[in-house]
Amino acid sequence: MRAFAVLRFGEPASVQDLPVPNADAVVLIRVRFAGVNPLDNNLLGRLTAASSYPFVVGIDFAGVAERVPPGSHDLREVDRVFGTARTHGSYAEYTSIAPAARMEPLARIPDGVADDQAAALPTSAVTALRTVEVLGITKGQHVVVMGATGGVGGYAVQIAR
């Protein structure tokens with residue numbers, strides 16, 4: 001598969017031919033869209049010689065479940081899915097997510113939501129949700145969201161509302 005990845009410490013990210021992630025006990029996803037976030041670049045800057053390589057860039061994605069392991073989840077092959085791929089990255093033709101991985105949420109894309117829209121959702125929306133929860137906003141309070149036209153701010157306005 002083609003992926004935008006760093007092969008070794010100190011090298012820049014570039015398009016590489018890598019093996020498709022092993023699909024044993026994980027959901028294998030054919031990536032249709034990858035979201036782009038400042039976090040993607042920040043993670044590149046945090047790579048060390050001890051990091052796991054190859055390192056595929058990107059976290060947010062939307063795609064189609066190609067292989068789903070038997071078990072305690074409700075996904076089926078051919079389901080449209082979106083989520084965060086911290087382990088295998090999203091700037092690739094395929095990624096994989098372990099079912100119920102705490103830091104790698106995976107869900108079906110709701111009807112009426114396009115794949116490109118779903119790929120832009122996870123990091124920004126979860127950041128906004130957690131921020132609103134931490135602030136403890138309740139009905140009747142007024143909130144000012146600085147940067148409400150950005151990804152996180154746009155979701156924060158809707159969630160706080």
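Strands here are DSSP runs of E, at least two residues long, numbered from the N terminus. I wrote that down before anything else, as I wanted to start with R108, which lies in strand β8, residues 106-108. I also noted that this is a predicted model.

**Entry 1: R108**

I looked up how open R108 is. R108 has a relative accessible area of 35%, so I put it down as partly exposed. Next I asked what R108 is in contact with, leaving aside its neighbours within four places in sequence. My list reads D74, L75, R76, D79, R80, V81 and F82.

Two of those names came back when I looked for polar contacts. The side chains of R108 and D79 are joined by a polar contact of 3.0 Å. With D74 the backbone takes part: its oxygen lies 2.3 Å from a polar atom of the R108 side chain. I also checked R76, which is 32 residues from R108 along the chain. The C-alpha atoms of R76 and R108 are separated by 9.6 Å.

**Entry 2: D115**

Is D115 buried or exposed? I found a relative accessibility of 6%, and buried means under 20%, so D115 counts as buried. D115 lies in helix α2, which covers residues 115-119.

Then I listed what D115 touches, not counting residues up to four places away in sequence: R32, F33, A62, R80 and I109. R32 deserves its own note, since its side chain makes a polar contact with the side chain of D115, at 2.4 Å. R80 rang a bell, as R108 is in contact with R80 too.

**Entry 3: strands around β5**

A62 sent me to the strands. A62 stands opposite F82 in β6, and β5 and β6 pair in the antiparallel sense over 5 bridges. β5 also pairs with β3, again antiparallel, over 6 bridges. One example I jotted down is V31, whose bridge partner in β5 is G63.

How many of the residues of β5 are buried? I get 6 of its 8, so I called the strand mostly covered.

From β3 I went on to β7. These two pair over 4 bridges in the antiparallel sense, and V27 stands opposite I97 in β7. I checked both faces of β7 as well. Y94 and S96 are on one side, T95 and I97 are on the other, and all of them are buried.

**Entry 4: the nonpolar cores**

V27, V31 and I97 turned up again when I looked up the largest nonpolar core. This core has 10 residues in all, and the full list is V27, I29, V31, F61, A65, V68, L75, V81, A85 and I97. β3 and β5 each supply at least two of its residues. Which strand gives the most? That is β3, with 3 residues.

There is a second, separate core too. It has 9 residues, including M1, A3, A23 and A92.

**Entry 5: the open sheet**

Next I traced an open sheet of 3 strands, in the order β2-β1-β4, with antiparallel pairing. Its edge strands are β2 (14-17) and β4 (55-56), and each of these pairs on one side only. Between β1 and β2 I found 4 bridges. In one of them, A5 has S14 in β2 as its partner.

**Entry 6: the aromatic pair**

How many aromatic pairs does the structure hold? I found 1. The rings belong to F4 and Y91, with centres 6.4 Å apart and planes at 35°, so the pair is tilted. F4 lies in β1, while Y91 is in the loop between β6 and β7, so the pair ties together parts that are 87 residues apart in sequence. I looked up F4 by itself as well: at 32% relative accessibility, F4 counts as partly exposed.

**Entry 7: helix α4**

Last stop was helix α4, residues 151-160, where G153, G154 and A156 are buried. Why do I put these on the same side of α4? They cover an arc of only 160° around the axis, so they share a side. I also asked what covers the buried residues of α4, and the cover includes α3 (122-135).

Technical notes
Residues are numbered from 1 along each chain as its sequence is written. This is a predicted model: local features need pLDDT of at least 70, side-chain atom pairs count only at pLDDT 80 or more; totals for chains, interfaces and linings use all residues. Side-chain values use heavy atoms; hydrogens and water are left out. Rings of Phe, Tyr and Trp (its six-membered ring) pair if their centres lie within 6.5 Å; planes under 30 degrees apart count as stacked, over 60 as edge-to-face and the rest as tilted. Buried means under 20% relative accessible area, exposed over 50%, partly exposed in between (1.4 Å probe, protein chains only). The arc is that of the directions from the helix axis to the C-beta atoms. Contact means heavy atoms within 4.5 Å. A nonpolar core is a set of buried Ala, Val, Leu, Ile, Met, Phe, Trp, Tyr and Cys residues joined through side-chain atoms within 4.5 Å. A polar contact is a pair of N or O atoms within 3.5 Å; within protein, one must be able to donate a hydrogen and the other to accept it, and residues adjacent in sequence count only if both atoms are side-chain atoms. Two strands pair if DSSP finds at least two bridges between them.
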